[in-house]
Number of protein chains: 2
Amino acid sequence: MLRAPAHGPGTGAARPPNSLQEHPKPMYAAAITQFTKMLENLDRWVDKATQHATAKKFDPAVFVTARIAPDQYNFTRQVQAACDAAKFAAARLSGKEPPKHPDTETTVEELRARIASTVAYLKGFGPADFEGANARIVPLSWMPGQGLAGADYLVELASPNFYFHVTTAYAILRHNGVDLGKVDYIGSINLRDA
Amino acid sequence: MLRAPAHGPGTGAARPPNSLQEHPKPMYAAAITQFTKMLENLDRWVDKATQHATAKKFDPAVFVTARIAPDQYNFTRQVQAACDAAKFAAARLSGKEPPKHPDTETTVEELRARIASTVAYLKGFGPADFEGANARIVPLSWMPGQGLAGADYLVELASPNFYFHVTTAYAILRHNGVDLGKVDYIGSINLRDA
């Protein structure tokens, strides 16, 4: 997903780690519960896009190669990258080896299957899998010898990267006329009396 | 920012709250440190867009009304909404009254001033401001009588909403030829030896 070292102005020396929390539940909520819900939202957007294509009498496959800029990922790669961002967050933070996905999807149906596969993987995790995740050092494949503490990895890299690809996928569909709104984006929330 | 109730399929009864953590530092890291950095990244994208316009000999004001879809916020409103998402997250989670911004920006310079004003506001917070924030009920202005526990508000609403507007602003610039990449999006990260 990242093609170059992810540092920029103001990097300098490493800051003290963010001690996100001691209890594993919060990381589970942020990395599993929330990412799962967003991927399920994404699946519904793809479904809406397919319905839109059917209503307008064009091939839904038009969406899989649609993009916002000629040198940016197309819709297929945005969906793949969103799935990978969630998969790698779960795996890296829990110290597990993620399953491989060869990125061979070429149809809307295959993209939905990719999302479903990722959601199924995420649903295999429980809060206990994230014991010690805050302090676990996550190595960065594109920066040999360097990494992030788990708490920083979640907040500074995994979350912004995940939302980047989800939101860009959404933008591609909106750009192509699919009737989506903020409610479709946010999805269900844990309401209580106020 | 939200025009309708933000619930969807699967809402049903309220789930138990996510107990994000007991210590206030993590929420400070996620809501203040990270959002501040992303707004500073956004400011650099606007600067790059201005330089791009100068190099290509067009008025940078073209960007302020650019958009991805005719019925989606233009660049100005995306920047305003990103600033507001960060401002409201800081205020709501700390139980403070946020400053008002009348949304009158019409130039790139005014948008950068809006970002700077929001960053200055965020920098006035410290970790201690978020004592008790996880359990604090954040009322939702568009859903009278309903709200979210602070921990849920951060993970389920404030963060996805913030990244939505930041990423869509980025997409608008990319769509219009500004040379941005993932490193510009992610910004500095808290690297350590791995």
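Which residue's side chain meets that of Asp103(B) in a salt bridge? In this predicted model, the partner is Arg114(B), with N and O 2.8 Å apart. Asp103(B) sits in the loop between α3 and α4 of chain B, while Arg114(B) belongs to helix α4 (108–122), so the contact ties together parts that are eleven residues apart in sequence. The two ends of the pair also sit in unlike surroundings. Asp103(B) has a relative accessibility of 35% and so counts as partly exposed, whereas Arg114(B), at 2%, is buried.

Chain A has a salt bridge between Asp103(A) and Arg114(A), where the closest N and O atoms are 2.8 Å apart. Here Asp103(A) is in the loop between α3 (75–94) and α4 of chain A, and Arg114(A) is in helix α4, eleven residues away. With 35% of relative accessible area, Asp103(A) is partly exposed; Arg114(A) is buried, since its figure is 2%. This pair doesn't stand alone, either: Asp84(A), Lys87(A) and Glu105(A) join Asp103(A) and Arg114(A) in a network of salt bridges. Over all chains, the structure holds 23 salt bridges.

Another of these contacts reaches further along the sequence. Arg112(A) and Asp47(A) meet through their side chains in a salt bridge, 3.3 Å from N to O. The pair links helix α4 (residues 108–122) of chain A, home of Arg112(A), to helix α1 (residues 25–56), home of Asp47(A), across 65 residues. Arg112(A) counts as partly exposed because its relative accessibility is 29%, and Asp47(A), at 27%, is partly exposed as well.

Right beside Asp47(A) in the numbering comes Val46(A), found in helix α1 of chain A. What does the picture look like around this residue? Val46(A) is buried, as its relative accessibility is just 2%. Setting aside neighbours within four places in sequence, Val46(A) is in contact with Phe75(A), Val108(A), Arg112(A), Ile115(A) and Leu173(A). So Arg112(A), the salt-bridge partner of Asp47(A), turns up here too. The C-alpha atoms of Val46(A) and Leu173(A) are 8.3 Å apart in space, although 127 residues separate the two in sequence.

Turning to chain B, helix α3 covers residues 75–94, which makes 20 residues. From first C-alpha to last, α3(B) reaches 29 Å, close to the 28 Å expected at 1.5 Å a residue. The helix is largely enclosed by the rest of the structure, because 17 of its 20 residues are buried. At its N-terminal end, α3(B) is capped by Asn74(B), which places a side-chain oxygen 3.1 Å from the backbone nitrogen of Thr76(B). After the helix comes Gly95(B), with a positive phi near 75°.

The two chains also share a sheet. Three strands line up in the order β3(A)-β2(B)-β1(B), forming an open sheet with antiparallel pairing. At the edges are β3 (192–193) of chain A and β1 (137–139) of chain B, each pairing on one side only. Two bridges join β3(A) to β2(B), a strand made of residues 146–149. Within β2(B), Gln146(B) is the bridge partner of Asp193(A). Helix α5 (residues 150–175) of chain B packs on this sheet, touching β3 of chain A as well as β1 and β2 of chain B. The direction of α5(B) makes about 95° with that of β2(B).

Conventions. Residues are numbered from 1 along each chain as its sequence is written. Chains are lettered from A and ligands numbered from 1 in the order in which they are written. This is a predicted model: local features need pLDDT of at least 70, side-chain atom pairs count only at pLDDT 80 or more; totals for chains, interfaces and linings use all residues. Side-chain values use heavy atoms; hydrogens and water are left out. Helices (H or I, at least four residues) and strands (E, at least two) are DSSP runs, numbered from the N terminus. The expected span of a helix is 1.5 Å times one less than its number of residues. Buried means under 20% relative accessible area, exposed over 50%, partly exposed in between (1.4 Å probe, protein chains only). A polar contact is a pair of N or O atoms within 3.5 Å; within protein, one must be able to donate a hydrogen and the other to accept it, and residues adjacent in sequence count only if both atoms are side-chain atoms. Two strands pair if DSSP finds at least two bridges between them. Contact means heavy atoms within 4.5 Å. Axes are lines fitted to C-alpha atoms, for helices over the stretch in contact, and angles run from 0 to 180 degrees between N-to-C directions. A salt bridge is a side-chain nitrogen of Lys or Arg within 4 Å of a carboxyl oxygen of Asp or Glu.
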